[in-house]
Amino acid sequence: MSYREGRFWQPDVTVATVVVDGGRLLMVEESVGGRLVINQPAGHLEPDESLIDAALRETREETGWDVRLTAFVGAYQWKAPLQEDGAGGRHYLRFAFAAEPVRHDPGRRLDEGIVQALWMSPAELQARAPEHRSPLVWRVVADYLGGRRHSLDLLQQMVSPDPV
């Protein structure tokens, strides 16, 4: 596809949150394509939503935890491999955040497909690498553990005024 040809390509824009408490990471186990995988609380940006609001919403919806974002970890681009059945091949642009837990609602119904939220040590997460939803899972955590943290001020949402 080419912009010059009047065709547009758009990646899937997603957010992910590295929530840490006492050295443990808040992760989700989810069912994707009939397979159980591990991921950070993560999901797609919705129309008219800021990246920060999306990260807070996805974390709440997938884990029942309200969190406070503390830093921007980074932006990651990844193309999923094509599967034999033709599935896959999607391009993802993930914006990852660091956060700390604030309060938990254990009665909250979790998003469809989420089996459970669980706290894992980095070693436990790394040991289950074959179950990671994508290579982005460990890469984001490794960057966080390596000290990669940027000010949330790096992210700006520009809102156009409504026409009069």
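These exercises work through a pocket, a helix and several salt bridges in a predicted model.

The model is predicted: local features need pLDDT of at least 70, side-chain atom pairs count only at pLDDT 80 or more, and totals for chains, interfaces and linings use all residues. Residues are numbered from 1 along each chain as its sequence is written, and side-chain values use heavy atoms, leaving out hydrogens and water.

**Exercise 1. Describe the largest pocket and its lining.**

Step 1. Fix the term. On a 1 Å grid over the protein atoms alone, a pocket is an open set of points with protein on both sides within 12 Å along at least five of seven lines; lining residues have an atom within 4 Å of a point.

Step 2. Take the volume. The largest pocket holds about 720 Å³ of space. A volume here is the space filled by probe spheres set on the points, and grid points are joined across faces, edges and corners.

Step 3. List the lining. It has 27 residues, and Val32, Trp78, Tyr92, Arg133 and Ser134 lie nearest the centre. Two or more residues each come from strand E2 (24–32), strand E3 (35–39), strand E4 (42–44), helix H1 (51–63) and strand E6 (91–104). Helices (H or I, at least four residues) and strands (E, at least two) are DSSP runs, numbered from the N terminus.

Step 4. Sort by character. Eleven lining residues are nonpolar, seven polar and nine charged. Ala, Val, Leu, Ile, Met, Phe, Trp, Tyr, Cys and Pro count as nonpolar, Asp, Glu, Lys and Arg as charged, and the others, Gly among them, as polar.

**Exercise 2. Place Asp12 and describe its salt bridge with Arg90.**

Step 1. Find the residue. Asp12 is in strand E1.

Step 2. Check the pair. The side chains of Asp12 and Arg90 form a salt bridge at 2.7 Å, N to O. The term means a side-chain nitrogen of Lys or Arg within 4 Å of a carboxyl oxygen of Asp or Glu.

Step 3. Compare positions. Arg90 sits in the loop between strand E5 (65–79) and E6, 78 residues from Asp12, so the pair links distant parts of the chain.

Step 4. Read the accessibility. Asp12 counts as buried, at 16% relative accessibility. Arg90 is partly exposed at 43%. Buried means under 20% relative accessible area, exposed over 50%, partly exposed in between (1.4 Å probe, protein chains only).

Step 5. List the contacts (heavy atoms within 4.5 Å). Not counting residues up to four places away in sequence, Asp12 touches His44, Arg90, His91, Tyr92 and Leu93.

**Exercise 3. Characterise helix H1 and the salt bridges of its residues.**

Step 1. Check the length. H1 has 13 residues and reaches 18 Å from first C-alpha to last, close to the 18 Å expected at 1.5 Å a residue. The expected span is 1.5 Å times one less than the number of residues.

Step 2. Find the buried residues. Among them are Leu51, Ala54, Ala55 and Thr59. The buried residues of H1 pack against E1, E2, E4, E5, E6 and strand E7 (114–120).

Step 3. Trace the charges. Arg57 and Glu58 meet in a salt bridge at 2.9 Å, N to O; both are buried. Glu46, Glu49, Arg57, Glu58 and Glu61 are linked in a network of salt bridges. Arg60 pairs with Asp66 at 2.6 Å, N to O, and Arg60 is partly exposed at 31%. The whole structure has 14 salt bridges.

Step 4. Look at the flanks. Just after H1, Gly64 takes a positive phi of about 80°. Asp48, in the loop between E4 and H1, has a positive phi of about 65° although it is not a glycine. Asp48 is exposed, at 80%.

Terms used
1 Å grid on protein atoms, 1.4 Å probe; cavity = no way out; pocket = protein on both sides within 12 Å on 5 of 7 lines; lining within 4 Å.
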